[in-house]
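I opened this notebook to keep track of what I looked up, one topic to an entry. Each entry begins with what I wanted to know and ends where the lookup ended.

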Amino acid sequence: MTKKSYILALDQGTTSTRAIVFDDTGSQIITYQKELKQIFPQSDWVEHDPEEIWEATVEVLRRTLSDCVDLGKKVDTIGITNQRETTVLWDKKTGDPVYNAIVWQDQRTSIACENLSNSDNEKFISKKTGLTISPYFSASKISWILDNVDGVRKNAEDGRLAFGTIDSFLLWRLTGGKAHLTDATNASRTLLFNIHNQKWDEDLLSFWRIPKVILPEVRDSSSFFGITKSGLFDSQIKINSMVGDQQAAAIGQACVRNGTIKATYGTGCFLLMNTGDKPIISNKGLLTTLAYRINGKPTYSVEGSIFSAGSTIQWLRDGLKLISSASETEELAKSLSSNKGIYLVPAFTGLGAPYWNSTVRGTIFGLTLETGPAEIARASLEAVTYQSYDIIKAMESDLGQPIQSLQIDGGMTDNDWFVQYLSNILNIKVARPRVLETTALGAAFLAGLGSGLYSKLEDIENLWKIDRPFCPNIDHTKRLKYLAGWKQAVQKLTMYKPDNM
Ligand code: ADP
């Protein structure tokens, strides 16, 4: 890369499509974003229109590229990062999707998954994929399209259709149908990929009744994926990385050594710990997944997901109307010297890791006539820290050693009170980086690695710059009291089984 050139990251997320240009020091230069419509055809169903995703992609890429021309700079390479698991099937001849994209949050296959999830099947799936049988991953979504859209199964078996997560679909379109590829991180979220031998797995394919011919070829996360088709942009640009969004964020947070962890606090929260070249199968309800694959060498991670993090704050704002903006929670929480024994368990859609309980629902314990918005806001922020604690403890147990620090990002980490309390509860240093667009930065870095701008993965450590560290400053007994209160609240919650659910 010459001094005048830049890297472009395309971040195709659940709620928006973003193009972000970085220079070679990892500084963010230009950003364009387009919101994405959420389609809810029925309760528990969530879809995206793949054409809308494609149009937004072209628009944000064209705008950023044109700004680069105005600045006299050249984009050398593109990296793609994407919402994971979301499933598209399209016609190889026309490029037309046969159905909308079924989004990772979609639960339409929950009964089908429940019917499959006996202990033998769970063992078989977990051993090969590191995951659990769940509608969250791609396989049951593909099966649903094959079984429910007219003519699709036959066309798929005859090799006329292609499957991909959003990375593959966009690559296909960007290269004018020349490349049908994905990367190992995205493949590892399908329930069809054997994370040990790094291959699509015949047994898994027959378990889910999916023909192999529709699958993309799996490449390293940083490698040459193709070149944009002629006429799409002013010049043709190489695509040198594809990587799932949470894995990209971990790279953008410089989690490239064994034992390093990042947590992204957005709508939900995802914690990923790099476990090096060995897949650690969790005994504590965490997922085992690919962190990245570079030069043919897989690096693994364990992952814990919290379903409701920032969404609890959104609920305070839009549902309860207790606050008018998310940032108000900081002042409210600060105004109290303790939580007054109030615990909110935000199990709005059940509890994720390490509990994996989809039938429980949220509650608030300890209400008195004195309870007001400040107490509820504080309890909401606290809940995210306690859930993080549960996951960190599970990770420590899987890793067999204590965790020393955590890198954080996402919308909630704007809230200093939240971040300080997180450090207090976890009892470790929590570091917030200067570039909060860690997902895009990770994809850009991998593209730069693929294009030869960076020479090794560890170079990302030089690009990562801290905004501010937060260290624990809480009385030990107080901390234990808070944790005991949370534990009790979760235990009580799991005993409550209303019969109208
Ligand atoms: P996503 O990428 O999932 O859309 P973001 O990383 O953009 O999420 O974060 C948005 C979430 O963070 C929202 O759910 C919002 O409620 C929450 N949030 C934003 N600012 C704050 C704040 N200052 N305090 C607490 N929560 C916040």
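Entry 1, helix H9. I began with burial in H9, where I found Asp245, Gln246, Gln247, Ala248, Ala249, Ala250, Ile251 and Gly252 to be buried. The model I am reading is a predicted one. Since 8 of the 8 residues of H9, which spans residues 245-252, are buried, I noted the helix as largely enclosed by the rest of the structure. I then looked just past H9 and found that alanine 254 takes a positive phi of about 60°.

Entry 2, asparagine 82. I next looked up asparagine 82, which sits in strand E5, residues 74-82. Its relative accessible area is 0%, so I entered asparagine 82 as buried, the limit for that being under 20%. Leaving aside residues up to four places away in sequence, I listed its contacts as Gln12, Thr165, Ile166, Asp167, Asn186, Val243, Gly244 and Asp245. Asp245 had already come up in my first entry, among the buried residues of H9.

Entry 3, salt bridges. How many salt bridges does a search of the whole structure find? The search gives 34, and I looked at some of them individually. Side chains of opposite charge can pair when their charged atoms come close. Lysine 74 pairs with aspartate 76, with 3.3 Å between the closest N and O atoms; I recorded lysine 74 as exposed because its relative accessibility is 52%, and aspartate 76 as partly exposed because its value is 24%. Aspartate 158 forms a salt bridge with lysine 154, and here the closest N and O atoms are 2.6 Å apart. Aspartate 158, at 39% relative accessible area, is partly exposed, while lysine 154, at 52%, counts as exposed.

Are glutamate 85 and arginine 84 buried or exposed? Both are buried, and their side chains meet in a salt bridge with an N to O distance of 3.9 Å. I then followed the pair outward and found Arg84, Glu85, Arg189, Asp245 and Glu303 linked in a network of salt bridges.

Entry 4, the ligand. Which residues are closest to the ligand? I found 14 residues surrounding the ligand, the closest being Thr267, Gly310, Gln314, Gly411 and Asn415. Helix H10, residues 310-319, supplies the largest share of this shell, with 4 residues. Sorting the shell by class, I counted 3 nonpolar, 11 polar and no charged residues. For the atom pairs, I noted that a side-chain N or O atom of threonine 267 is 2.6 Å from an oxygen atom of the ligand, that a backbone N or O atom of glycine 411 lies 2.8 Å from a ligand oxygen atom, and that a polar side-chain atom of asparagine 415 lies 3.1 Å from a ligand nitrogen atom. Of the 580 Å² of accessible area that the ligand has on its own, the protein covers 71%.

Entry 5, asparagine 194. My last lookup was asparagine 194, placed in strand E10, residues 193-194. With a relative accessible area of 8%, asparagine 194 is buried. Apart from residues up to four places away in sequence, asparagine 194 touches Lys128, Lys199, Asp201 and Leu204. A polar atom of the asparagine 194 side chain lies 2.8 Å from the backbone nitrogen of histidine 196. I also checked asparagine 194 against alanine 440, and the two are 246 residues apart in sequence and 27 Å apart in space, C-alpha to C-alpha.

Terms used
Residues numbered from 1 in each chain as written. Predicted model: local features only at pLDDT ≥ 70, side-chain atom pairs only at ≥ 80, totals over all residues. Heavy atoms only, no water. Buried < 20%, exposed > 50% of the residue type's maximum accessible area, 1.4 Å probe, protein only. Contact = heavy atoms within 4.5 Å. Salt bridge = Lys/Arg side-chain N within 4 Å of Asp/Glu carboxyl O. Near = heavy atom within 4 Å. Polar contact = N/O pair within 3.5 Å; in protein donor to acceptor, adjacent residues only side chain to side chain. Areas by Shrake-Rupley, 256 points an atom, 1.4 Å probe, with all protein chains shown as cover. Nonpolar A, V, L, I, M, F, W, Y, C, P; charged D, E, K, R; others polar.
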